[in-house]
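Welcome! Have the model open beside you and work through the exercises below at your own pace, trying each one before you read its solution.

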Amino acid sequence: MTAPIPASDAAPDWLGWLPPRLVAVDVETTGLAATDRVVSFGAVALTTASLATAEPEITCHHLIFDPGRTSHPMAEAVHGYDDWLLRHQDPAGIHAGALADLLARADLIVAHNAAFDLGILNREFAAAGLPQVASKVYCTMEAYRRRGEKGRAALDAVCRRIGLSRAGARHGALEDAWLALRAYLWLQACPVAVARPHLAAPGNLRPAPPRPEGPLPPRA
C-alpha cells in the first residue's frame with residue numbers, strides 16, 4: 001500500500017493553474033510607429049514546475065540586431081544603442097527562425113503591453129517569411145488594469161507596486177522580460193521570487209570599429 005504524500009510534499013495550489021512552460025519576452029525598438037524595427041530581444045523561459053524547488057529553472061535569451069534604420073532619439077535614449085553600434089550587428093532575419101521556435105515551444109507567452117511586443121515580432125517574422133506567433137499570449141499590463149489597481153499600468157509602475165526596480169536607468173530587453181515574468185507570477189498569486197538573471201550584454205553583440213569623426217553617413 002502506498003503511503004500518503006505528506007502535506008509538505010504536495011504541490012502548492014497556485015502551481016495548478018500555471019502553464020507547464022512559459023516564456024516572458026520584451027523587445028526594444030527604433031520607435032513606436034508601424035514602420036519601426038526591433039533593436040533587441042530578451043526572453044526568460046521558465047519551467048513552472050521548478051517553482052516548487054529551491055532553484056527555479058530559467059533560461060535566458062538576449063540578442064541585438066541591426067534594424068536597418070536609425071532609432072528615434074527618444075527610443076535611443078531608452079535602449080541606449082547608438083546607430084554606429086547597431087550598423088555592425090546581425091539583421092533580425094538571421095535569428096528570426098530561432099526566435100519563432102522558442103515562442104512556438106511556449107505554452108504561454110508573457111509580455112507587458114503584449115500587443116506592441118508581439119506585433120513587432122510578428123512583423124519581423126513576416127519579413128523573414130515565417131508564420132505569426134500562434135502560442136497563447138498573456139499581457140501583464142491588461143491583467144493589472146483588470147485588477148482595478150489605481151494609477152498607471154506601465155511596467156515601471158507595476159514594478160513599484162510589487163517592490164521591484166530596474167538595475168539601471170535604461171530599459172534592457174532581458175531585464176524587462178524578467179520584470180514581466182515577476183509581474184505575471186505576482187498576478188497569479190505565486191509567492192516565489194525568481195532571481196534577477198545576470199544582465200550581460202546581448203549574446204550576439206559584435207564590437208563596432210572606432211566611430212568616424214563627424215556625422216555618420218546615411219544608411220544605404
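The exercises that follow go from confidence to pockets, the core and single residues.

**Exercise 1. Confidence**

Find the average pLDDT of this predicted model, and say where the pLDDT is below 50.

*Solution.*
Step 1. Begin with the whole chain: its average pLDDT is 92, and 95% of the residues score at least 70.
Step 2. Then look for the weak stretch, which is residues 1-8, with pLDDT below 50. Beyond near neighbours in sequence, residues 1-8 have 1 contact in the model.
Step 3. Where pLDDT is low, predicted coordinates should not be read in detail.

**Exercise 2. The largest pocket**

Describe the largest pocket: what is its volume, and which residues lie nearest its centre?

*Solution.*
Step 1. Its volume is about 580 Å³.
Step 2. The lining is made of 22 residues, and those nearest the centre are E28, L32, V78, F116 and H171.
Step 3. Next, map the lining onto elements: β1 (21-29), α1 (73-79), α4 (114-127) and α6 (155-161) are the ones that give two or more residues.
Step 4. Sort the lining by class, and you get 8 nonpolar, 7 polar and 7 charged residues.

**Exercise 3. The second largest pocket**

Do the same for the second largest pocket, and find the helix that gives the largest share of its lining.

*Solution.*
Step 1. This pocket has a volume of about 250 Å³.
Step 2. Among its 17 lining residues, H62, Y81, R170, H171 and G172 lie nearest the centre. You have met H171 already, as one of the residues nearest the centre of the largest pocket.
Step 3. Helix α7 (residues 173-187) gives the largest share of the lining, with 3 residues.
Step 4. The classes here are 9 nonpolar, 6 polar and 2 charged residues.

**Exercise 4. The nonpolar core**

Which members of the largest nonpolar core touch the most other members, and which element gives the most residues to this core?

*Solution.*
Step 1. The core has 56 residues, and V25, F41 and L185 touch the most other members.
Step 2. By element, α7 gives the most, namely 10 residues.
Step 3. Zoom in on F41. Leaving aside neighbours within four places in sequence, its contacts include V25, V27, L63, F65, L99, L102, L121 and A173. D26, H61 and H62 are also in contact with F41.
Step 4. For background, nonpolar side chains in soluble globular proteins tend to be buried together.

**Exercise 5. A cavity**

How many cavities of 30 Å³ or more does the structure hold, and which residues line the largest cavity?

*Solution.*
Step 1. There is 1 cavity of 30 Å³ or more, and the largest cavity holds about 40 Å³ of space.
Step 2. Its lining consists of V38, F65, A92, A96, L99, L121, E124 and F125.
Step 3. Both α3 (92-104) and α4 supply at least two of these residues.
Step 4. By class, 7 lining residues are nonpolar, none is polar and 1 is charged.
Step 5. Among these lining residues, F65, L99 and L121 also appear in the contacts of F41.

**Exercise 6. P202 and W84**

Are P202 and W84 buried or exposed? What does each of them touch?

*Solution.*
Step 1. P202 sits in the segment after α7. Its relative accessibility is 7%, under the 20% cut-off, so P202 counts as buried.
Step 2. Not counting residues up to four places away in sequence, P202 touches H62, L63, I64 and Y81. P202 and I64 are 138 residues apart in sequence, yet their C-alpha atoms are 5.9 Å apart.
Step 3. W84 belongs to helix α2 (residues 83-86). With a relative accessible area of 14%, W84 is buried too.
Step 4. Leaving aside neighbours within four places in sequence, W84 is in contact with A208, P209, P210, R211, P212 and L216.

**Exercise 7. Positive phi**

Where are N113 and A189 found, and how exposed is each?

*Solution.*
Step 1. Most residues other than glycine have a negative phi.
Step 2. N113 has a positive phi of about 65°, and A189 has one of about 60°.
Step 3. N113 is in the loop between β4 (108-111) and α4, while A189 is in the segment after α7.
Step 4. At 30% relative accessibility, N113 counts as partly exposed. A189, with a relative accessible area of 52%, is exposed because this value is over 50%.

How values were computed:
Residues are numbered from 1 along each chain as its sequence is written. This is a predicted model: local features need pLDDT of at least 70, side-chain atom pairs count only at pLDDT 80 or more; totals for chains, interfaces and linings use all residues. Side-chain values use heavy atoms; hydrogens and water are left out. pLDDT is the predictor's confidence in each residue, from 0 to 100. Contact means heavy atoms within 4.5 Å. On a 1 Å grid over the protein atoms alone, a cavity is a set of points where a 1.4 Å probe fits but cannot get out, and a pocket is an open set with protein on both sides within 12 Å along at least five of seven lines; lining residues have an atom within 4 Å of a point. Grid points are joined across faces, edges and corners, and a volume is the space filled by probe spheres set on the points. Helices (H or I, at least four residues) and strands (E, at least two) are DSSP runs, numbered from the N terminus. Ala, Val, Leu, Ile, Met, Phe, Trp, Tyr, Cys and Pro count as nonpolar, Asp, Glu, Lys and Arg as charged, and the others, Gly among them, as polar. A nonpolar core is a set of buried Ala, Val, Leu, Ile, Met, Phe, Trp, Tyr and Cys residues joined through side-chain atoms within 4.5 Å. Buried means under 20% relative accessible area, exposed over 50%, partly exposed in between (1.4 Å probe, protein chains only).
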